[in-house]
Amino acid sequence: MSQHNTHHMPVGYALWIFGFMGAHRFYYGRQITGTIWFFTLGLLFIGWIVDLFLIPGMDRDADRRYRGGPINYSVAWILLTFLGIFGIHRFYQGKWITGILYLLTVGVFGLGILYDYWTLNEQIDERNAATTP
């Protein structure tokens, strides 16, 4: 598989600002450590500081792992992180029914947002695979 620039380092660093909540780790497809960062405030901020130097490697790994296509990972992650309760990231992916559901239920009471933090990269990868020959 050829390597695409699916994830962008400036977005990773922007999400790192909220990294004590694991946002940048979820962005780069590291759900388990993202969850640990979320519940431990970035390993009591120590892991958060160390991640400042690890982001370039996480970015390269994500670029190798995920498939490029019409749905941009960075746009979807920014929408999820800042507007997730309104389901805008779901509308962006063309998932209108769940987008409306998120809009009417505050991201399905927050649990849908947590689910999307765990699965958004795979959701996008699947949609991009379906639209590329």
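Here is a conversation about the predicted model shown above, in which a guide explains how the terms apply.

Visitor: How do you know how far the model can be read?

Guide: The model is predicted, with local features needing a pLDDT of at least 70, side-chain atom pairs counting only at pLDDT 80 or more, and totals for chains, interfaces and linings using all residues. Residues are numbered from 1 along each chain as its sequence is written, and side-chain values use heavy atoms, leaving out hydrogens and water. pLDDT is the predictor's confidence in each residue, from 0 to 100. The chain averages 93, and 97% of its residues score at least 70. Among its elements, α3 has the lowest mean, 93, and α6 (residues 88–92) the highest, 98. Where pLDDT is low, the predicted coordinates should not be read in detail.

Visitor: What makes a stretch of the chain a helix, and how many helices are there?

Guide: Helices are DSSP runs of H or I with at least four residues, while strands are runs of E with at least two, numbered from the N terminus. By that rule the chain has 8 helices and 0 strands.

Visitor: Why does the radius of gyration agree with a compact globule?

Guide: The radius is taken over C-alpha atoms, and the globule rule is 2.2 Å times the number of residues to the power 0.38. For 133 residues a compact globule would have a radius near 14 Å; the chain has 14 Å, so the two agree. The C-alpha trace spans about 40 × 40 × 20 Å along its principal axes.

Visitor: Why is asparagine 128 called buried or exposed?

Guide: Buried means under 20% relative accessible area, exposed over 50%, and partly exposed in between (1.4 Å probe, protein chains only). Asparagine 128 has 0% relative accessibility, so this residue counts as buried. Its place is in helix α8 (residues 111–131). Not counting residues up to four places away in sequence, asparagine 128 touches Arg67, Gly68, Gly69, Pro70, Ile71 and Tyr73, where contact means heavy atoms within 4.5 Å. Across the chain, buried residues make up 46% of the 133.

Visitor: Which classes do phenylalanine 45 and phenylalanine 109 fall into?

Guide: Phenylalanine 45 has 38% relative accessibility, so it counts as partly exposed. Phenylalanine 109 has a relative accessible area of 68% and is therefore exposed. Phenylalanine 45 lies in the loop between α3 (31–44) and α4 (46–65), and its phi is near 70°, a positive value in a residue other than glycine. Phenylalanine 109 belongs to helix α7 (residues 96–109), with a positive phi of about 60°.

Visitor: What makes a group of residues a nonpolar core?

Guide: A nonpolar core is a set of buried Ala, Val, Leu, Ile, Met, Phe, Trp, Tyr and Cys residues joined through side-chain atoms within 4.5 Å. The largest one here has 21 residues, and those touching the most other members are Tyr27, Tyr28, Trp77, Leu80, Tyr117, Leu120 and Ile124. The elements giving two or more residues to this core are α1 (9–16), α2 (23–27), α4, α5 (73–83) and α8. The contacts of tyrosine 28 with residues further than four places away in sequence include Ile55, Met58 and Asn121.

Visitor: Which elements do the buried residues of α5 pack against?

Guide: They pack against α1, α2, α6 and α8. Among the buried residues of α5 are Tyr73, Trp77 and Leu80. At the N-terminal end of α5, asparagine 72 acts as a cap, with a side-chain oxygen 2.8 Å from the backbone nitrogen of serine 74.

Notes
Polar contact = N/O pair within 3.5 Å; in protein donor to acceptor, adjacent residues only side chain to side chain.
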